[in-house]
Amino acid sequence: MIEAAGGAGDLKIKAFAGAGKTSTLQLVAQHFDQRRGMYLAFNREIAASAARRFPPHVDSRTMHSLAWASVSPSLRNRMSLHGEPPHELAARYGLGALEVRTVTGKAVEVTPFEIGRMIADGRDRFCRSADIKPAVEHIVVDEKIDDAVAAQLRLYLLPYVQRLWEEGAAARAVGAVSPDVLLKLWALSEPRIEADYLLFDEAQDSDGVMLSVLGRQRHAQIIYVGDPYQQIYEWRGAVNAMAQIDAPECALTESFRFGTTFAALASRLLALLGERTSIRGQVTIGSIMVDDPAIAPPVDAVLCRKNVTAIWQFAAGLEAGHRPAIRMSPAEILAYADGADRLLAGQRAFRPAAFSLFENWGDAQAFARSAFGQDLLPVVQIVDELGTGYLRALAQRSAAEGSVGYVISTVHRAKGLEWKRVRVANDFRLRGADGSPMPDDDELRLLYVAVTRAQHVLDISGLRDELLRLFSLRR
């Protein structure tokens, strides 16, 4: 790997779960001790951690911090201003409520608040892309809206997304600017990153705008490192850099996190995604897989696909007398209670987003019990059986992770973490969105991330039957 990086050209390092990619990048940096290097991280926490581990000739930054340091003070000052509320944005553009049809055939009203939020989100998704102007693909419509109607709604909103972008990008603009807008404006200025080589970590989660900046750094060698199968941020506009970059590729296939049993399971999941290389586990690490629902081993973490499942698991743990913590803020749990209270009173709820198109609690109940709304069912059952006061009590009982028996988390929030003993909840969509027997690729990637968080004990008993069915299929 060091020899491959020692060449003058760009390089891709495909590092599977637990394969020691950060340690490998440290070795590369030490090898390049006579050259100026820069380690580019996905977030500030990772960059701060890297700064303590990499040699002095390597600067550790994020793309956003480079943008912040390079733009004008007036643009930076706009970052501290309060953004325009969605309903005020819609009103300024003269946009009123719209009636649309949902996937269940019901006619519902999309409020000015929702319209303004879609416009602002569309602007931000454009900013995270490599595109030079906003497009319909940047506008995300609630999945509860009928597909044909959603396509029409995107076309209708596109001119307003373009207008909002132009307002923020204008040289004499004085309104608030989001981090995404700042990064896009910096990228459009065609910046030069002052380094001889760039170590770009977590490349699978990069945005198109980041790749566009790196693609112009012809003076520097770029080493991209990541796991293409841990790309789980498509919902926010991330693109899989590992598949797009034209550079020689090396692979780190040996995981130092777990043993051969977990490696074999992960490899079988990756085979469903078309990966031919197998992950190698450590024969010296004991890894026990539990697939019998009658056995409930103690765990250090319970991983869920959805927030509502995590809340349900938290409630179940407390009722069983356990001491769980949940990787959600009290405010996030309270949002479900507040939203449910509004719907129970016959009022629209703007938060959480899962409730946004319901006109009353009956709509939420009906949707949760439909073929389209199973993800919402756990929180609907809590409200129906125990009331919103119970949700508020759950928020108050959120505990710090250091004082608990185990942690409950969504897979997205568990990425990059590991525990000795992990249970994976059974809330994954292991059939295609169109009802086909094979799940969508993004769901398989999410499941791969979940099962590779464990070191010694992995409880997949809730998924046993579906996994057996999946492994019997051929793509």
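# Helices and sheets in a predicted model

Me: How do α4 and α9 run to each other?
Reply: In this predicted model, α4 and α9 are roughly perpendicular to each other, because angles from 65 to 115 degrees count as such, and the two axes cross at roughly 70°. The axes of α4 and of helix α9, which covers residues 179-188, come within 9 Å.

Me: And which residues of α4 and α9 make the contact?
Reply: On the α4 side they are Met63, His64, Leu66, Ala67, Trp68 and Ser70, and on the α9 side they are Pro179, Asp180, Leu182, Leu183 and Trp186. Sorted by class, this contact of α4 with α9 holds 8 nonpolar, 2 polar and 1 charged residues.

Me: Trp68 is in that list, so what sits over the ring of Trp68?
Reply: That is the charged end of Arg76, which is placed over the ring of Trp68 at 5.7 Å from its centre.

Me: Which strands does α4 lie across?
Reply: Helix α4, made of residues 63-70, lies across β2 and β3, and with respect to β3 it runs at about 90°.

Me: What is the order of the sheet with β2 and β3 in it?
Reply: The order is β3-β2-β6-β7-β1-β8, an open sheet of 6 strands with parallel pairing. Its edge strands are β3, at 58-62, and β8, at 249-252, each of which pairs on one side only. Direction ignored, neighbouring strands of this sheet are turned by 20° against each other on average.

Me: Which helix packs on the sheet, touching β2 and β3?
Reply: Helix α3, residues 44-53, packs there and touches both β2 (37-41) and β3, and its direction makes about 170° with that of β3.

Me: Back to the strands: how many bridges join β1 to β7?
Reply: There are 4 bridges between strand β1, residues 11-15, and strand β7, residues 221-226, and these strands run parallel. As one example of the pairing, Leu11 has Ile223 in β7 as its bridge partner.

Me: New topic, the sheet with β9 in it: what is its strand order?
Reply: It is also an open sheet of 6 strands with parallel pairing, and the order reads β9-β14-β13-β10-β12-β11. Here the edge strands, each pairing on one side only, are β9 at 288-290 and β11 at 324-326. Neighbouring strands of this sheet are turned by 25° against each other on average, direction ignored.

Me: What packs on that sheet, touching β9 and β14?
Reply: Helix α12, residues 260-272, does so, and the direction of α12 makes about 65° with that of β14. Within the sheet, β14 (residues 454-459) is joined by 4 bridges to β13 (residues 419-424), the two strands running parallel. Arg421 is the residue opposite Val457 in β14.

Me: Does α12 run parallel or antiparallel to α19?
Reply: α12 and α19 are roughly antiparallel, because an angle over 145 degrees counts that way, and these helices pack at about 170°. Their axes are 10 Å apart, with α19 formed by residues 441-451. In this contact Leu265, Ala266, Leu269, Leu270 and Leu272 of α12 meet Leu444, Leu447, Tyr448 and Val451 of α19. The residues divide into 9 nonpolar, no polar and no charged.

Me: How about α14 and α17, at what angle do their axes cross?
Reply: The axes of α14 (residues 330-344) and α17 (residues 388-396) cross at roughly 170° and come within 8 Å, so α14 and α17 are roughly antiparallel to each other. The α14 residues in the contact include Ile333, Tyr336 and Leu344, while those of α17 include Leu391 and Arg392. By class, the contact has 10 nonpolar, 1 polar and 3 charged residues.

Me: Which aromatic cluster is Tyr336 in?
Reply: Tyr336 forms one aromatic cluster together with Phe355, Phe358, Trp361 and Phe367. Phe358 also has the charged end of Lys144 over its ring, 5.2 Å from the centre.

Me: Last one, what kind of peptide bond joins Arg351 and Pro352?
Reply: That bond is cis, with an omega of about -5°, and Pro352 lies in the loop between α14 and α15 (361-368). Most peptide bonds are trans, and most residues other than glycine have a negative phi. Glu190, which is not a glycine, has a positive phi of about 55°, and Glu190 lies in the loop between α9 and β6 (197-200).

How values were computed: Residues numbered from 1 in each chain as written. Predicted model: local features only at pLDDT ≥ 70, side-chain atom pairs only at ≥ 80, totals over all residues. Heavy atoms only, no water. Pairing = 2+ DSSP bridges. Axes fitted to C-alpha atoms, helices over the stretch in contact; angles between N-to-C directions. Contact = heavy atoms within 4.5 Å. Phe/Tyr/Trp six-rings, centres within 6.5 Å; stacked < 30°, edge-to-face > 60°. Lys NZ or Arg CZ within 6 Å of the ring centre and 35° of its normal. Parallel < 35°, antiparallel > 145°, perpendicular 65-115°, else oblique. Nonpolar A, V, L, I, M, F, W, Y, C, P; charged D, E, K, R; others polar.
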